Each structure stands twice: as C-alpha cells, then as structure tokens.
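These entries record what I looked up in the structure shown below. I give each term its cut-offs where I use it.

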Amino acid sequence: MISMPASSEKGLADMIPHTLYENIPYGCITSAALIVALQSGPLPIASAALLFFAGSLAWIQRSRYRRPDRVRVLLDPNSLIPPHRRIIVPTGFYEWLPFTYMAAGCSALVTIDSIGGQLAGSLLMAAGGIVWQKRHSHRMKPSVAIAVV
C-alpha cells in the first residue's frame, strides 16, 4: 500500500499565503469584469468567461467548506418552518444562481446598447448582489428555510 507524505494531505489554504487564498475568487471575478469592460473580441470574452467561472467555482467550494449549516435536514422536527412551506432546490442551481445573475447582467450591459438593456443588466447585477448578501446572512444562522439536496 502506498502512503502519501503528510505534506500532500494539506489543503490549498495551507500551501499558499492566507491573503492570496482569500482573494483568489475576488481577483478572478474582478479580472473578468475588467477584461469585459476594457477589451472586445471573442478571445478576451472567452478569457473573461473562464476567469469568471474559475472565480465562481473557487467561491462556491470555499463557501461549501466553511458554512456552519453544511448539513441541512429537510424534515428537521425542531424547525420552525412547517414541512409544507419548505422549498427543495437542486444544489447546483442554488449555488450558481448569483453568479448566473451577475454574468447575465454583465453580458447585457456590454452587448445591449439601449436604455432597456442597460437597465436590465443593472437589475440582474443588483439581483446577484442581493442573493449573495441574503445568502451570507442566512448561512450564519443555524436554521435555513431552503433545503438543498
């Protein structure tokens, strides 16, 4: 049987400086937004999409690891929410929703030149920010209204 050395069992947070580890998602998403804002053409847009996806994925993985409500029980007898009022949301949809709003909003802002497109893009980006904020505040509480399966 092959055993791995102790150093390989460390997580990414143990291998790189804490400041860099904490800022990877922010840096990727901000870089993607800057590329979209400052460049045009298919290659910069594809690069921005990959950076945005990488930052989103890093954010989601870090969030899953840190959440105090990591294990959610749908039929928790101590829950204040009645069973008929609980919502079951697929995990992938739940986790990617704010990033989808932000990407769609940024795309609308960049590609649609009319006032309606600019308004729609701004509203989508605001919706993504609101979902992020609400999710952060709800994850700090022990009981959550949405059960992720």
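I call a residue buried when its relative accessible area is under 20%, exposed when the value is over 50%, and partly exposed in between (1.4 Å probe, protein chains only). I noted that this is a predicted model, in which local features need pLDDT of at least 70, side-chain atom pairs count only at pLDDT 80 or more, and totals for chains, interfaces and linings use all residues. Residues are numbered from 1 along each chain as its sequence is written, and side-chain values use heavy atoms, with hydrogens and water left out.

**Entry 1: Ser56**
I looked up Ser56 and found a relative accessible area of 0%, so I entered Ser56 as buried. Ser56 lies in helix H3. Helices (H or I, at least four residues) and strands (E, at least two) are DSSP runs, numbered from the N terminus. Taking contact as heavy atoms within 4.5 Å, and leaving aside neighbours within four places in sequence, I listed Ile29, Trp96 and Phe99 as contacts of Ser56.

**Entry 2: Ala58**
Helix H3, which covers residues 42-66, also holds Ala58. I entered Ala58 as partly exposed, because its relative accessible area is 25%. Beyond its neighbours within four places in sequence, Ala58 is in contact with Ile24 and Pro25. I also checked Tyr21: Ala58 and Tyr21 are 37 residues apart in sequence, and their C-alpha atoms are 9.8 Å apart in space.

**Entry 3: nonpolar core**
I take a nonpolar core to be a set of buried Ala, Val, Leu, Ile, Met, Phe, Trp, Tyr and Cys residues joined through side-chain atoms within 4.5 Å. The largest one has nine residues: Ile29, Ala32, Val36, Ala48, Phe52, Ile60, Phe99, Met102 and Trp132. Helix H2 (18-38), H3 and helix H4 (91-111) each supply at least two residues of this core. For Ala48, leaving aside neighbours within four places in sequence, I recorded contacts with Ala32, Ile35 and Val36.

**Entry 4: cysteines**
How many disulfides are there? Counting pairs of cysteine sulfur atoms within 2.5 Å, I obtained zero disulfides. I entered Cys28 as buried because its relative accessible area is 15%; Cys106, at 21%, counts as partly exposed.

**Entry 5: whole chain**
The protein chain has five helices and two strands, in the order α-α-α-β-α-α-β from the N terminus on. Of its 149 residues, 24% are buried. Among contacts with a separation of 6 or more, 68% join residues 24 or more positions apart.
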